[in-house]
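Reader: Please take a close look at one part of this model, the nonpolar core, and set it beside the other features that can be computed from the atoms. I would prefer one connected account to a list.

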Amino acid sequence: MTHTNRRFLLAKRPVGAVRRDDFTFEAVPAAEPGDGQVLVRNLYLSLDPAMRGWMNEGKSYIPPVGLGEVMRALGVGEVISSRHPDYKPGDHVSGALGVQDYFTGEPQGLHKIDPRLAPLPRYLSALGMTGMTAYFALLDVGQPKAGETVVISGAAGAVGSLVGQIAKIKGCRVVGIAGGAQKCQYLKDELGFDGVIDYKAEDVLAGLKRECPKGVDVYFDNVGGEILDAVLTRINFKARIVICGAISQYNNKEAVKGPANYLALLVNRARMEGFVVMDHAKEYGKAAQEIAGWLASGKVKSKEDVVEGLETFPETLLKLFSGENFGKLVLKV
């Protein structure tokens, strides 16, 4: 049986915000699997800020998506045909499946998942790369200690909301920076954050003085730019700053704006360190097991924002940069 595969190919390098005409949307027959390959029907795709960086040419932690190639995306799907001994039809898998209806290829990097243990979108949020990022970036780089103050930007996003909850489990005072009253209320009422700062409605520096009277010990940065600068003025001696992302800078047409207040690192003998989740691949199993336990016990909550329709991909991706998404942004194919 031939399957029609709708797919988005990267047509050109975006300048500024992503546009639909940066892609070619086409429908072609899905390739049948060869020896050692599988055919996967994609069910859900993860939309992440990192995807914007993958479209740019230049040196990074991962090669850019090539022009004319299927746009890279993590996803979950069901094996419908297999010529690989370790996979059979009906198996559910997660991995780099691409922005398309079907993935055909060797299952290198694919992992089997069990839809009976959790809803499939959760394997793209708390039990997927999002959860791995929050877990290892906070615990390995941030190294929070009980009683310390942890501040998180993009706190209502997929990674930020998990970071805050893990920091609470570790006994920290947690302050989230987010945009809009609804998101801030969710952080306090649903997730148990100790304080919130609405960057859309108040001055961030004034909010930091109010919510962090004893300063900031760990700053988990998802946005960069002016908010990073504001937090640098409030860091404590030996503070740790985790550079997980800089979503405020990804669509810049000019050079990325670096931190102006970086001398605060010198004065406070503080540390700012970048984080890439793939460095911890060998330890994913340990983290997933612990996160699953927190989910089961109710210590951690996971929120997914599911949008339907593969064809909506370019416009849905932009929700990440306007702050429209609430929780982990997932595209239902």
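Author: A nonpolar core is here a set of buried Ala, Val, Leu, Ile, Met, Phe, Trp, Tyr and Cys residues that are joined through side-chain atoms within 4.5 Å. The model is a predicted one, and each value below is computed from it. In soluble globular proteins, nonpolar side chains tend to be buried together.

The largest nonpolar core has 48 residues, and the members that touch the most other members are Y135, L138, I152, L187 and F220. Two or more residues of this core come from each of strand 3 (38-46), helix 2 (129-142), strand 8 (149-153), helix 3, strand 9 (173-178), helix 4 (181-189), strand 11 (216-221) and helix 8 (284-297). Helix 2 supplies eight residues, which is the largest share.

Two residues let us follow the packing in more detail. Once neighbours within four places in sequence are set aside, Y135 is in contact with D140, I166, K286, A287, E290, I291 and W294, a list that holds charged residues as well as nonpolar ones. The second residue, V163, belongs to helix 3, and V163 counts as buried because its relative accessibility is 0%, where the cut-off is under 20%. With the same neighbours left out, V163 is in contact with A134, L138, I152 and F220; of these partners, L138, I152 and F220 are among the core members that touch the most others. V163 can also be placed relative to G131, for the two are 32 residues apart in sequence, while their C-alpha atoms are 8.6 Å apart in space.

Helix 3 also brings us to the empty space inside the model. Rolling a probe the size of a water molecule over the atoms shows where empty space is left. One cavity of 30 Å³ or more is found when the whole structure is searched, and the largest cavity holds about 40 Å³ of space. Its lining consists of S125, A126, T130, A158, S161, L162, K301, S302, K303 and K328, and helix 3, which spans residues 158-169, gives the most to that lining, with three residues. By residue type the lining divides into three nonpolar, four polar and three charged residues.

One of the lining residues, K328, deserves a closer look. K328 sits in strand 15, residues 328-332, and despite being a lysine, K328 counts as buried because its relative accessible area is 2%, where buried means under 20%. Apart from neighbours within four places in sequence, its contacts are S46, L47, D48, L124, S125, T130, A158, K303, E304 and D305. Among these, S125, T130, A158 and K303 also line the largest cavity.

Buried residues are found in helix 6 too, which covers residues 225-232 and is mostly covered, with seven of its eight residues buried. The buried ones are G225, I227, L228, D229, A230, V231 and L232, a list in which D229 is a charged residue.

The salt bridges give a contrasting picture, and the count of them comes to 22. In the pair formed by D21 and K12, the closest N and O atoms are 3.7 Å apart; D21 is partly exposed at 37% relative accessibility, and K12 is partly exposed as well, at 38%. D114 and R116 also meet through their side chains, at 3.0 Å from N to O, and R116 counts as exposed because its relative accessibility is 75%, where exposed means over 50%. In a further pair, E273 and R271, the closest N and O atoms are 2.8 Å apart; here E273 is partly exposed at 35%, and R271 is partly exposed with a relative accessible area of 28%. Elsewhere, R173, E202, R210 and E211 are joined into one network by salt bridges that share partners.

Two points of backbone geometry complete the account. Q143 lies in the loop between helix 2 and strand 8, both of them elements that contribute to the largest core. The phi angle of Q143 is near 45°, a positive value in a residue other than glycine, and Q143 is partly exposed, with a relative accessible area of 39%. R269 likewise has a positive phi, near 50°, and is located in the loop between helix 7 (263-267) and strand 13 (271-274).

Methods
Residues numbered from 1 in each chain as written. Predicted model: local features only at pLDDT ≥ 70, side-chain atom pairs only at ≥ 80, totals over all residues. Heavy atoms only, no water. 1 Å grid on protein atoms, 1.4 Å probe; cavity = no way out; pocket = protein on both sides within 12 Å on 5 of 7 lines; lining within 4 Å. Points joined across faces, edges and corners; volume = space filled by probe spheres on them. Helix = DSSP H or I, 4+ residues; strand = E, 2+ residues; numbered from the N terminus. Buried < 20%, exposed > 50% of the residue type's maximum accessible area, 1.4 Å probe, protein only. Contact = heavy atoms within 4.5 Å. Salt bridge = Lys/Arg side-chain N within 4 Å of Asp/Glu carboxyl O.
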